[in-house]
Amino acid sequence: MNRTLRLTGTFFLLTFLSCTKKLQDPGATNTVTMSNEWWVTLTLNGTDELGDHVLFATYNTSQNVADSLWLDDLQNGYSFKCKVLANPKNLTFNTDSAQNEYKDIRVHIANGKIIPNGGKGKTTGNIVDSIYMEASFGDDPGDTFIISGVARSRWAQDDYN
């Protein structure tokens, strides 16, 4: 009886071990240090234009090159999505003139940067990265908006909505 239990246990152990797969590590994108979701505000001359933080995203392009990055307000603010020139080593980005994918206007982004450990979660106080950029839009000439905020911590209590 004892021998039967040992054989059965060995059989199940070998079966379990033979079924585990070793998955290959897919690696990361070339803009992984700059890609994230952010809670940002949109201000003009110090006035908050949205009334609260909104979700914003930065992510790699389909070409997965280090010098291109998407900025996307997910239609939560000014409704803009554009490609910018990125420098992952310096964590900076900008564009003189990029096509907005949501509206038929041009977008200008200056002084874009990601600041490692430059912010805190809303409730938890966890240290997160922060983001800053100056944006101007073709349908609102002469106005420069400040978009700034903190990385989404993934803690529910740090989410703004």
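Helices (H or I, at least four residues) and strands (E, at least two residues) are DSSP runs, numbered from the N terminus. The views below show a predicted model, in which local features need pLDDT of at least 70, side-chain atom pairs count only at pLDDT 80 or more, and totals for chains, interfaces and linings use all residues. Residues are numbered from 1 along each chain as its sequence is written, and side-chain values use heavy atoms, with hydrogens and water left out.

**Figure 1. The whole chain contains one helix and nine strands.** From the N terminus, the order of elements is α-β-β-β-β-β-β-β-β-β. Of the 161 residues in the chain, 34% are buried (under 20% relative accessible area, with exposed meaning over 50% and partly exposed in between; 1.4 Å probe, protein chains only). The chain exposes about 9800 Å², of which carbon and sulfur atoms supply 52%; accessible areas come from the Shrake-Rupley method with a 1.4 Å probe, and for residues only the protein chains shown count as cover. Contact means heavy atoms within 4.5 Å. Among the contacts with a separation of 6 or more, 43% join residues 24 or more positions apart.

**Figure 2. Strand β1 (residues 36-44) is largely enclosed by the rest of the structure, because seven of its nine residues are buried.** Two strands pair if DSSP finds at least two bridges between them. Strand β1 runs antiparallel to strand β3 (residues 54-60), with five bridges joining them; one bridge partner pair is tryptophan 38 and phenylalanine 56 of β3. Seven bridges link β1 with strand β9 (residues 145-151), also in the antiparallel sense.

**Figure 3. A hairpin joins β1 and β2, with two residues between the strands.** Strand β2 comprises residues 47-48 and pairs with β1 in the antiparallel sense over two bridges. In the turn, asparagine 45 has a positive phi of about 55°. Leucine 44 stands opposite threonine 47 in β2, and leucine 44 also has phenylalanine 145 as its bridge partner in β9.

**Figure 4. The largest nonpolar core has 32 residues.** A nonpolar core is a set of buried Ala, Val, Leu, Ile, Met, Phe, Trp, Tyr and Cys residues joined through side-chain atoms within 4.5 Å. Leu71, Phe80, Phe93, Ile109, Met133 and Phe137 touch the most other members. At least two residues of this core come from each of β1, β3, β4 (68-72), β5 (81-87), β6 (92-99), β7 (106-120), β8 (127-137) and β9. In soluble globular proteins, nonpolar side chains tend to be buried together.

**Figure 5. Isoleucine 109 is in contact with residues including Leu71, Phe80 and Phe93.** Leaving aside neighbours within four places in sequence, the contacts of isoleucine 109 also include Cys82, Val84, Asn94, Thr95, Met133, Glu134 and Ala135.
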